[in-house]
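Student: I would like a close look at a single part of this structure, taken slowly and with its surroundings. Could you choose one strand and walk me through what lies around it?

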Amino acid sequence: MARIPDCDGVHGAPALVRLVHQVTALEFGPATRYDGGLLTIERHDAERLLAQPALAAVRLSLASPGDSVRLVKVLDAVEPRAKGAGGGGVFPGFVGPARSQGRGSTHVLRGMAVVAAGYLPRAQESLVDMSGPAAPLSPLGATHNLVVEFDPAPDARWEDVDEAVAVKSTETVDLTELAVGRVD
C-alpha cells in the first residue's frame with residue numbers, strides 16, 4: 001500500500017492522505033478482500049450493494065487487461081475508494097452530504113474500476129476492448145474491471161434507472177471498505 005499525501009492541511013485541518021492499494025488481479029471468491037494486489041469480490045456482497053428498485057436485474061462479470069473481451073454500452077466507470085477518519089465522504093453532494101473535502105484518509109483501489117454498462121435513452125455509450133490494437137485507446141483497457149450490466153425494472157422511469165446506475169456505481173465505496181477492512 002502506498003501512502004500519498006496530497007496537501008499539508010489548511011488552518012490546522014489534517015492533510016489529505018490517499019492510501020493506495022494497487023490491484024493487479026481480480027476474481028470472484030468466497031469473501032471480499034484485498035491481499036497483495038489480488039482483489040477478491042464475493043458476488044453476493046457486490047450484488048447487495050448494487051440492488052435498487054429501478055433495476056430488475058444486475059449481472060456482474062470481470063474483465064482484465066489482455067482478456068479477449070469487448071465491453072459494450074459502457075455508460076460510466078468509477079475507481080472505488082472509501083474515506084477513513086478525518087472527514088467527508090468520497091463523492092460529496094452526490095452519495096453523501098455536501099461537505100468541504102481535502103482532509104483525512106482515502107483508501108483507493110488503484111488499477112480497478114466499477115464499469116456500468118447497459119442501455120439508457122439519450123446516453124452516450126462507448127466500448128472498451130481489453131486486448132488487441134484498440135485496448136490502449138481507453139484507460140479502462142488497462143484496468144481490472146467489475147462490469148455491472150443492468151436491466152431496468154418494467155415500471156421504472158428512465159430517470160430513476162439512470163440515477164440508480166449512477167448512484168450505485170459510486171456507492172461501491174462499501175466494496176473498498178469490505179476489501180481493505182472497515183476504515184475508521
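Tutor: What follows is an account of one strand, its partners and the loop after it.

The model is a predicted one, and the part I have chosen is strand 10, which covers residues 112–117. Six of the six residues of strand 10 are buried, so the strand is largely enclosed by the rest of the structure. In a regular strand the side chains alternate between the two faces of the sheet. Strand 10 can be read in this way, with Met112, Val114 and Ala116 pointing to one side and Ala113, Val115 and Ala117 to the other, and with all of them buried.

Two pairings involve strand 10. With strand 7, which spans residues 70–78, strand 10 pairs in the antiparallel sense over four bridges, and within this pairing valine 78 has valine 114 of strand 10 as its bridge partner. With strand 12, residues 144–152, the sense is parallel and the pairing runs over six bridges; here alanine 116 stands opposite valine 148 of strand 12.

If we now follow the chain past strand 10, we enter the loop that leads to strand 11 (126–129), and tyrosine 119 lies in this loop. Tyrosine 119 is partly exposed, with a relative accessibility of 44%. A search of the whole structure finds one aromatic pair, and this pair is made by tyrosine 119 and tryptophan 158, which meet edge-to-face with 5.8 Å from centre to centre and 90 degrees between their planes. Because tryptophan 158 belongs to helix 2 (residues 158–170) while tyrosine 119 sits in the loop, the pair ties together parts that are 39 residues apart in sequence. Tryptophan 158 is likewise partly exposed, at 37% relative accessibility.

At the far side of the loop, strand 11 holds aspartate 129, which counts as buried because its relative accessibility is 12%, and the cut-off for buried is under 20%. The side chain of aspartate 129 makes a polar contact of 2.6 Å with the side chain of arginine 70, a residue of strand 7, and strand 7 is the antiparallel partner of strand 10 described above. Apart from neighbours within four places in sequence, the residues in contact with aspartate 129 are Val69, Arg70, Ala134, Ala135 and Gly141.

Technical notes
Residues are numbered from 1 along each chain as its sequence is written. This is a predicted model: local features need pLDDT of at least 70, side-chain atom pairs count only at pLDDT 80 or more; totals for chains, interfaces and linings use all residues. Side-chain values use heavy atoms; hydrogens and water are left out. Rings of Phe, Tyr and Trp (its six-membered ring) pair if their centres lie within 6.5 Å; planes under 30 degrees apart count as stacked, over 60 as edge-to-face and the rest as tilted. Buried means under 20% relative accessible area, exposed over 50%, partly exposed in between (1.4 Å probe, protein chains only). A polar contact is a pair of N or O atoms within 3.5 Å; within protein, one must be able to donate a hydrogen and the other to accept it, and residues adjacent in sequence count only if both atoms are side-chain atoms. Contact means heavy atoms within 4.5 Å. Two strands pair if DSSP finds at least two bridges between them.
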